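Reader: Could you take me closely through one part of this model, beginning at its surface and then following the loops and a strand inward? I would like the terms spelled out as you go.

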Amino acid sequence: NSSAASDVYKRQDLISGDYYFNYTCNDTAGNENTSNTFLSSIDLDAPIITVIEPTTNETIGENYTYLNITISDEHPENCTVNWNGTITSMLNTSDNFYINKTDLSDGVYYFNYTCNDTVGNENTTINYNTDIDTTAPTITVIEPTSNETLGVNYTYLNITMTDLHPDSCTVNWDGSIISMS
């Protein structure tokens, strides 16, 4: 007659890494048996997310943007983007995750990324924003307003530029480009 005995051992305070183990049992007659060697991987680390593009506060002059991140993790599974409150899964090739956002209207868009690995570790980035601006500046000419003949040796060139993101203006004065600052 044989009888069975079982033992449970709880190994605590493990850190992320690979652990190899086997079991050896013996009986009172001195017989011994050793099991195969097993591998147990402990993964306590959340994926590290690196934002490639777009970066925060970026102004984009097209009505689309390519969202691109990479992650560093031993067991990557999935990444999503929360784009203005809508969560979408991202496509991936190896550790590179991406998605194209197209047909965007002018305006500010807010987003962040969340990635998880196969054992449930998760990381979420800070919130980012990008501004889509496909509208050219409006130029209002103040003076001179038409083809004028002046009786002085100077003229004022005065305009107003209207735009969500004004940058600079230049004037082409008789073939010379001059900055209007």
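Author: Leu 150, Val 152, Tyr 154 and Tyr 156 together make up a nonpolar surface patch with about 430 Å² of accessible area. A patch here is made of residues with over 30% relative accessible area and no salt bridge, in which nonpolar side chains (Val, Leu, Ile, Met, Phe, Trp, Tyr) are joined within 5 Å and like charges within 9 Å. A salt bridge is a side-chain nitrogen of Lys or Arg within 4 Å of a carboxyl oxygen of Asp or Glu, and accessible areas come from the Shrake-Rupley method with a 1.4 Å probe, where for residues only the protein chains shown count as cover. This is a predicted model, in which local features need pLDDT of at least 70 and side-chain atom pairs count only at pLDDT 80 or more, while totals for chains, interfaces and linings use all residues. Residues are numbered from 1 along each chain as its sequence is written, and side-chain values use heavy atoms, with hydrogens and water left out.

Within the patch, Tyr 156 lies in the loop between strand S15 (138–143) and strand S16 (158–162), strands being DSSP runs (E, at least two residues; helices are H or I, at least four) numbered from the N terminus. Tyr 156 has a relative accessible area of 56% and is therefore exposed, given that exposed means over 50%, buried under 20% and partly exposed in between (1.4 Å probe, protein chains only). The loop between S15 and S16 also holds Pro 144, which is joined to Glu 143 by a cis peptide bond with omega of about -15°.

Another cis peptide bond, with omega of about -10°, joins Glu 53 and Pro 54, and Pro 54 sits in the loop between strand S5 (48–53) and strand S6 (58–60). Pro 54 is also one of the residues in contact with Thr 130, alongside Glu 58, Ile 60, Trp 83, Gly 107, Val 108, Tyr 109 and Phe 111, when neighbours within four places in sequence are left aside; contact means heavy atoms within 4.5 Å.

Thr 130 itself belongs to strand S14 (residues 128–132), and because its relative accessibility is 0%, Thr 130 counts as buried. The side chain of Thr 130 reaches the backbone oxygen of Glu 58 at 2.8 Å.

Notes: A polar contact is a pair of N or O atoms within 3.5 Å; within protein, one must be able to donate a hydrogen and the other to accept it, and residues adjacent in sequence count only if both atoms are side-chain atoms.
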